Amino acid sequence: MRASLIQIGVDPDEPVAERRTRVASLVREQRGSDLVVLPELWTVGAFAYESFAEEAEPLDGPTAEAMAAAAWDTGVWLHAGSIVERAAPDSGSAAGDGPLYNTSLVFSPNGDLVRTYRKIHRFGFDKGEAVMMAPGSEVVTVPLPQTTLGLATCYDLRFPELFRALVDAGAQTLVVPAGWPARRREHWTLFAKARAVENQSYVLACDTAGTHAGVEQAGHSIVVDPWGEVLAEAGPGEEILTVELDTARVAKVRDDFPALKDRVLGRK
Ligand SMILES: O=C(O)CCC(=O)C(=O)O
């Protein structure tokens, strides 16, 4: 299975609509890949909190529309990273805007939105995403012909129990779009490798590049195999990583070194 990770540069001098068009073109250039992965909140920027409400979109908004068309035109599975989702207001509550979520979108090669994942662990402690967005609650996997994806987003990478739940739900390839800052780059690389080794899974971790809201992004998107070997790693700038994944290797590593079978606590 060929996977391409597009590490998008997110800079405030590029209007969101222009970035959307540019990214759709980059997706279309990945013809021949089976799976294309984009980063977290690449439209608005993961730290551009003051623009979240203004740039929020429904699940059939302009980003979803552009990405569905790009997936269809290119004939790829597209993990389109995440958007600021504006959900419908709760029925029964007073009229007003619905809640915001940090929501990942996965499209099939037919351009259908087949799965969404609302980020469970919100970043920011007592500000930003942590107070502006609602948390997701659902563990989401996506069966592809070659592998089963397990979905997580950025800060989720610090919570190994989510990844164990994904493995219990059948995940073999863990996909992590992010807007991870440069000042904690070592954590990013460490966690990506750890999640791959402890879960005997591929990890496709796709970060943003550039600087927005004064926060320099780490870049350094990384693909790690189920034995912990780094198959590809980007530098700090905008870059596309393309890797061949031997999807049968997940079962082989799990059979040859059956640590997952030795779990005692929390085993399903
Ligand atoms: O955990 C971190 O260090 C970064 C997390 C983050 O930036 C995010 O979740 O948006």
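Hi everyone, this is a short tour of one chain, going from its overall build to two helix pairs and then to the ligand.

Please keep in mind that we are looking at a predicted model.

Let's start with the whole chain. It holds seven helices and 14 strands. The radius of gyration is 17 Å, and the globule rule gives 18 Å for 268 residues, so the chain is as compact as a globular protein of that length. If you like to think in boxes, the C-alpha atoms fill one of roughly 55 × 40 × 40 Å along the principal axes.

Now for the helix packing. Two packed helices are described by the angle between their axes and the distance between the axes, and I'll use both for each pair.

The first pair I'd like to show is α1, residues 16-28, with α3, residues 62-74. Their axes come within 9 Å and cross at roughly 20°. Angles under 35 degrees count as roughly parallel, so that is what we call α1 relative to α3. The crossing itself is right-handed. Which residues make the contact? On the α1 side they are Arg20, Ala24, Val27 and Arg28, and α3 brings Pro62, Thr63, Ala66, Ala70, Asp73 and Thr74. Sorted by class, this α1 and α3 contact has five nonpolar, two polar and three charged residues.

Next, please turn the view to α5, residues 160-168, and α6, residues 185-199. Here the axes come within 11 Å, with a crossing angle of roughly 40°. At that angle α5 is oblique to α6. The handedness of this crossing is right-handed. From α5, the contact takes in Pro160, Phe163, Arg164 and Val167, while α6 supplies Arg195, Glu198 and Asn199. In terms of class, the contact of α5 with α6 has three nonpolar residues, one polar and three charged.

Finally, the ligand. What surrounds it? Going along the chain, you'll find Ala46, then Phe123, then Cys154, Tyr155 and Arg158, and after those Gly179, Trp180, Pro181, Arg184 and His187. That shell divides into six nonpolar, two polar and two charged residues. The charged members are Arg158 and Arg184, and the polar ones are Gly179 and His187.

That's my tour, so thanks for listening, and feel free to spin the model around while we talk.

Conventions. Residues numbered from 1 in each chain as written. Predicted model: local features only at pLDDT ≥ 70, side-chain atom pairs only at ≥ 80, totals over all residues. Near = placed C-beta within 6 Å. Axes fitted to C-alpha atoms, helices over the stretch in contact; angles between N-to-C directions. Helix = DSSP H or I, 4+ residues; strand = E, 2+ residues; numbered from the N terminus. Parallel < 35°, antiparallel > 145°, perpendicular 65-115°, else oblique. Left-handed = near helix turned anticlockwise from the far one by under 90°. Contact = placed C-beta atoms within 7 Å. Rg over C-alpha atoms; globule rule 2.2 N^0.38 Å.
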